[in-house]
Amino acid sequence: MTSGHSPASPPHRLLVVEDEDSIRTLLESVLRLTGYTVTSVGSGRAALLELERSTPDLMVLDVMLPDLDGFEVTRTLRAAGNETPVLFLTARTDDSVTGLRAGGDDYVTKPFGIEEVLLRIAAILRRTATADGPRGTPNRKTAGKDNHVLLFADLRLDMSRHEVHRAGEYIPLSPTEFKLLSYLMANAGRVLHRSQIVEHVWHYDFAGDTRIIETYVKYLRRKIDRFDPPLIHTVRGVGYTLRLPRDYDGGDHKVPARR
């Protein structure tokens with residue numbers, strides 16, 4: 001089984017929100033055996049109350065709950081500025097995009113294999129650790145002055161502060177959005193294949209399902225490319241790249257492409 005923490009670090013704290021007793025008990029038992037510290041509740045309102053008292057490193061959240069559904073719980077958290085990573089448990093595959101749009105980080109469909117849940121939890125925690133410490137502390141990576149800030153055009157990404165600015169304006173990003181943007185910026189001008197992005201950002205195989213990449217690219221475009229010129233470009237049949245448009249003249253507008 002995937003380990004919940006390294007010997008040198010304290011165990012990650014997880015909150016499990018699941019109204020089915022058998023599934024909740026299974027998750028609690030396996031996660032504790034894996035090395036996580038686990039708290040569990042059976043409803044959306046109980047989850048919100050628990051999050052007022054504690055700061056888990058990740059929440060495993062069922063979509064279908066008896067009061068507030070998982071999407072509403074996540075939207076409430078994000079609206080309050082709470083960026084606790086969320087792994088959705090859903091019985092419907094068409095809930096995946098809705099969950100990601102609500103602010104979730106990933107999803108597992110029911111019925112699920114427990115190993116898949118463990119892999120996705122570990123992957124989310126790795127992504128979060130590259131942006132913030134596991135307790136919301138500054139980045140634990142000791143980047144030097146030359147590599148902790150990435151710059152491209154008017155886009156600035158500070159790894160140590162977990163901050164992104166474009167045209168001088170602060171742009172809030174989730175840990176996954178930040179990880180994806182930092183990968184694009186570190187490889188500006190290069191075309192990144194979808195499989196490369198999956199391996200670097202999500203750390204495991206999606207078995208050919210790239211919808212999660214497309215969804216997060218769409219999120220980034222809404223935040224980053226609401227400024228001109230657009231920087232995130234699709235290379236059809238391959239993947240994505242960060243670059244200036246080929247018809248950009250370096251000013252405040254685009255010039256027509258040559259015919």
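With which residue does D21 form a salt bridge, and how far apart are the closest N and O atoms? In this predicted model, the partner of D21 is R24, and the closest N and O atoms of the two are 2.7 Å apart. Both residues belong to helix α1, which spans residues 21–34. D21 and R24 are 3 residues apart in that helix, so about one helical turn separates them. R24 has a relative accessible area of 16% and is therefore buried, since the cut-off for a buried residue is under 20%.

The protein as a whole has 8 helices and 12 strands. Of its 259 residues, 49% are buried. About 12900 Å² of the protein is exposed, and 51% of this area is supplied by carbon and sulfur atoms. Among the contacts with a separation of 6 or more, 57% are between residues 24 or more positions apart.

Helix α1 also takes part in the arrangement of the strands. Strand β1 (residues 13–17) pairs with strand β2 (residues 37–41) in the parallel sense, over 5 bridges. Within this pair, V17 stands opposite V41 of β2. From β1 the chain crosses through α1 to β2, forming a right-handed β-α-β crossover.

Side chains of opposite charge can pair when their charged atoms come close. In total, 16 salt bridges are counted. One of them is formed by D225 and R166, with the closest N and O atoms 3.4 Å apart. This pair links distant parts of the chain, as D225 lies in the loop between α8 (211–224) and β11 (232–235) and R166 lies in strand β8 (residues 163–166), 59 residues apart. Both partners are buried: the relative accessibility of D225 is 16%, and the relative accessible area of R166 is 0%.

A further salt bridge joins R226 to E169, where the closest N and O atoms are 2.4 Å apart. R226 is in the loop between α8 and β11, while E169 is in strand β9 (residues 169–170), so this pair ties together parts that are 57 residues apart in sequence. E169 has a relative accessibility of 35% and therefore counts as partly exposed. Elsewhere, E18, D62 and K110 are joined into one network by salt bridges that share partners.

The nonpolar residues form separate cores. The largest nonpolar core has 32 residues, and V164, L181 and I197 are those with the most contacts inside it. At least two residues of this core come from each of β6 (149–152), β7 (155–158), α6 (175–186), α7 (194–202), α8 and β12 (239–242). Helix α8 gives the most to the core, with 7 residues. Another core, of 20 residues, lies apart from the largest one, and V30, L118, A122 and I124 are among its members.

Which residues does V164 touch, leaving aside those up to four places away in sequence? The contacts of V164 are with L155, R156, L157, E169, Y170, I171, L173, F178, L181 and I224. One of these residues, L181, is itself listed with V164 among the residues that have the most contacts inside the largest core. Another residue touched by V164 is E169, the salt-bridge partner of R226.

Definitions and conventions:
Residues are numbered from 1 along each chain as its sequence is written. This is a predicted model: local features need pLDDT of at least 70, side-chain atom pairs count only at pLDDT 80 or more; totals for chains, interfaces and linings use all residues. Side-chain values use heavy atoms; hydrogens and water are left out. A salt bridge is a side-chain nitrogen of Lys or Arg within 4 Å of a carboxyl oxygen of Asp or Glu. Helices (H or I, at least four residues) and strands (E, at least two) are DSSP runs, numbered from the N terminus. Buried means under 20% relative accessible area, exposed over 50%, partly exposed in between (1.4 Å probe, protein chains only). Two strands pair if DSSP finds at least two bridges between them. A crossover is right-handed if, with the strands pointing away from the viewer, the path from the first strand over the helix to the second runs clockwise. A nonpolar core is a set of buried Ala, Val, Leu, Ile, Met, Phe, Trp, Tyr and Cys residues joined through side-chain atoms within 4.5 Å. Contact means heavy atoms within 4.5 Å. Accessible areas come from the Shrake-Rupley method with a 1.4 Å probe; for residues, only the protein chains shown count as cover.
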